[in-house]
Amino acid sequence: MKANGTTVEEILANVPQERLEAFNKLHEVIVKNLPKGFEAAISYGGLGYVVPHTLYPAGYHCKPIEPLPFAGIASQKNSINFYHMGIYSKPELYDWFVNEYPKYSTRKLDMGKSCVRFKKADDIPFDLIAQLMQKMTVEEWIAIYESNLKK
């Protein structure tokens, strides 16, 4: 589902009313805990947290005009989704997240390779997301991305 808006501000303003508070809080938590170098931006038509072209001019290999994606959030039909490429690319970070999740939520973890789905806004573990965002520097993400790209 493509986000409704062409700027970060428009996307944040156009989230369905019943999700607006939680979605905006999730965005704020992510931005507050983003390591230096990452920035909030439009990424593939949605709200992303990326390595800007000023730091990584090559951009994303599939579409170099796009900055290198790192994380993102989306209001989908049945859930608020949180995407984090670090947990997809770094097994020990994935393991950490999966092991920590039950300490922050009583709900079963609904997760794909890089996507965590929250069917209810009250289920979002904001403190855990904050910690996760701090666990990878922009330099580490670029190194992991490039090493996986060369495989």
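Two strands pair if DSSP finds at least two bridges between them. Helices (H or I, at least four residues) and strands (E, at least two) are DSSP runs, numbered from the N terminus.

The model is predicted: local features need pLDDT of at least 70, side-chain atom pairs count only at pLDDT 80 or more, and totals for chains, interfaces and linings use all residues. Residues are numbered from 1 along each chain as its sequence is written, and side-chain values use heavy atoms, with hydrogens and water left out.

**Exercise 1. Strand β4**

Find the strands that pair with β4, and state the sense of the pairing.

Solution.
- Step 1: Take strand β5 (residues 115-118). Four bridges link β5 to β4, in the antiparallel sense. I80 faces F118 of β5.
- Step 2: Take strand β3 (residues 68-75). β3 and β4 run antiparallel and share five bridges. A71 has H84 of β4 as its bridge partner. The connection from β3 to β4 is a hairpin of four residues.
- Step 3: Check burial (buried means under 20% relative accessible area, exposed over 50%, partly exposed in between; 1.4 Å probe, protein chains only). In β4 (residues 80-84), four of the five residues are buried, so the strand is largely enclosed by the rest of the structure.

**Exercise 2. A salt bridge across the sequence**

Locate the salt bridge of E140 and explain which parts it ties together.

Solution.
- Step 1: Apply the criterion. A salt bridge is a side-chain nitrogen of Lys or Arg within 4 Å of a carboxyl oxygen of Asp or Glu. The whole structure holds six.
- Step 2: Identify the partner. E140 meets K90, at 2.5 Å from N to O.
- Step 3: Place both ends. E140 sits in helix α6 (residues 138-149) and K90 in the loop between α3 (85-89) and α4 (91-104), so the pair ties together parts that are 50 residues apart in sequence.
- Step 4: Compare exposure. E140 is partly exposed at 25% relative accessibility. K90 is buried at 17%.

**Exercise 3. A shared partner**

Which residues are joined into one network by salt bridges that share partners?

Solution.
- Step 1: Pair D110 with R117. Their closest N and O atoms are 2.9 Å apart.
- Step 2: Pair D110 with K119. Here the N to O distance is 3.0 Å.
- Step 3: Join the pairs. D110, R117 and K119 form one network through shared partners.
- Step 4: Add accessibility. D110 is partly exposed at 21%, and R117 is partly exposed at 28%. K119 is exposed at 58%.
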